[in-house]
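Let's take a walk through this structure together. Have the sequence and the 3D view at hand as you read.

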Amino acid sequence: MPLYEFQCEECQKIFTRLSPMGEDGTNLECVYCAAKPVKKIFSTFATAGQAVKSAPLTATSSSNCAPGSPFR
Ligand SMILES: [Zn+2]
């Protein structure tokens with residue numbers, strides 16, 4: 001079930017409720033003052049942003065094989 005955000009028209013408080021798809025708040029009551037109906041707010045659902053991709057690790061493995069100094 002999606003998480004919807006509602007605002008009470010009585011006390012203006014905002015709360016979230018897991019509600020069936022399409023719930024518009026007319027069947028819900030405020031969790032603070034129990035007034036109904038409450039107003040649905042559209043904010044939470046579309047904000048699931050893209051996951052920020054972590055920057056690729058820079059290759060720091062420098063080869064440590066120093067060429068043998070020619071002893072001549
Ligand atoms: Zn209320």
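What follows goes from the overall picture to the sheet, the core and the loops.

Please keep in mind that this is a predicted model. The average pLDDT of the protein chain is 80, and 68% of the residues score at least 70. One stretch calls for particular care: across residues 46-51 the pLDDT is below 50, and in the model this stretch has 0 contacts beyond near neighbours in sequence.

The secondary structure is quickly told, as the protein chain has 0 helices and 3 strands. Read from the N terminus, the elements follow one another as β-β-β. Of the 72 residues in the protein chain, 8% are buried. Among contacts with a separation of 6 or more, 35% join residues that are 24 or more positions apart.

Now turn to the sheet. The 3 strands make an open, antiparallel sheet in the order 2-1-3. Its edges are strand 2 (14-18) and strand 3 (38-41), each of which pairs on one side only. On average, and with direction ignored, neighbouring strands of the sheet are turned by 40° against each other.

Strand 1, residues 3-8, pairs with strand 2 in the antiparallel sense over 5 bridges. You can trace this pairing residue by residue: Glu5 has Thr16 as its bridge partner, Phe6 stands opposite Phe15, and Gln7 is partnered by Ile14. Strand 1 also pairs with strand 3, again antiparallel, over 4 bridges. Here the bridge partner of Cys8 is Val38.

Which residues of strand 1 lie on its covered face, and which on its uncovered one? Tyr4, Phe6 and Cys8 are on the covered face, while Leu3, Glu5 and Gln7 are on the uncovered face. This fits a familiar pattern, since side chains in a regular strand alternate between the two faces of the sheet.

The covered face leads us straight to the core. The largest nonpolar core has 5 residues: Tyr4, Phe6, Cys8, Cys30 and Val38. Strand 1 makes the greatest contribution to this core, with 3 residues. More broadly, nonpolar side chains in soluble globular proteins tend to be buried together. Cys30 is worth a closer look: leaving aside neighbours within four places in sequence, Cys30 is in contact with Cys8, Glu10, Cys11, Lys13, Ala35, Lys36 and Val38. Two of these partners, Cys8 and Val38, are also members of the core.

Finally, let's visit the loops, where the backbone has a few surprises. As a reminder, most residues other than glycine have a negative phi, and most peptide bonds are trans. The hairpin of strand 1 and strand 2 has 5 residues between the strands, and there Gln12 takes a positive phi near 65°. Is Gln12 buried or exposed? Gln12 counts as exposed because 11 other C-beta atoms lie within 10 Å, and the cut-off for exposed is 12 or fewer.

The loop between strand 2 and strand 3 holds Ala34. Although Ala34 is not a glycine, its phi is positive, at about 65°. Ala34 is exposed too, because it has 10 C-beta neighbours inside 10 Å. Pro37 is in the loop between strand 2 and strand 3 as well. The peptide bond that joins Lys36 and Pro37 is cis, with omega about 0°.

Conventions
Residues numbered from 1 in each chain as written. Pairing = 2+ DSSP bridges. Helix = DSSP H or I, 4+ residues; strand = E, 2+ residues; numbered from the N terminus. Axes fitted to C-alpha atoms, helices over the stretch in contact; angles between N-to-C directions. pLDDT = per-residue confidence, 0-100. Contact = placed C-beta atoms within 7 Å. Core = buried A, V, L, I, M, F, W, Y, C linked by C-beta atoms within 7 Å. Buried ≥ 20, exposed ≤ 12 C-beta atoms within 10 Å, placed from the backbone.
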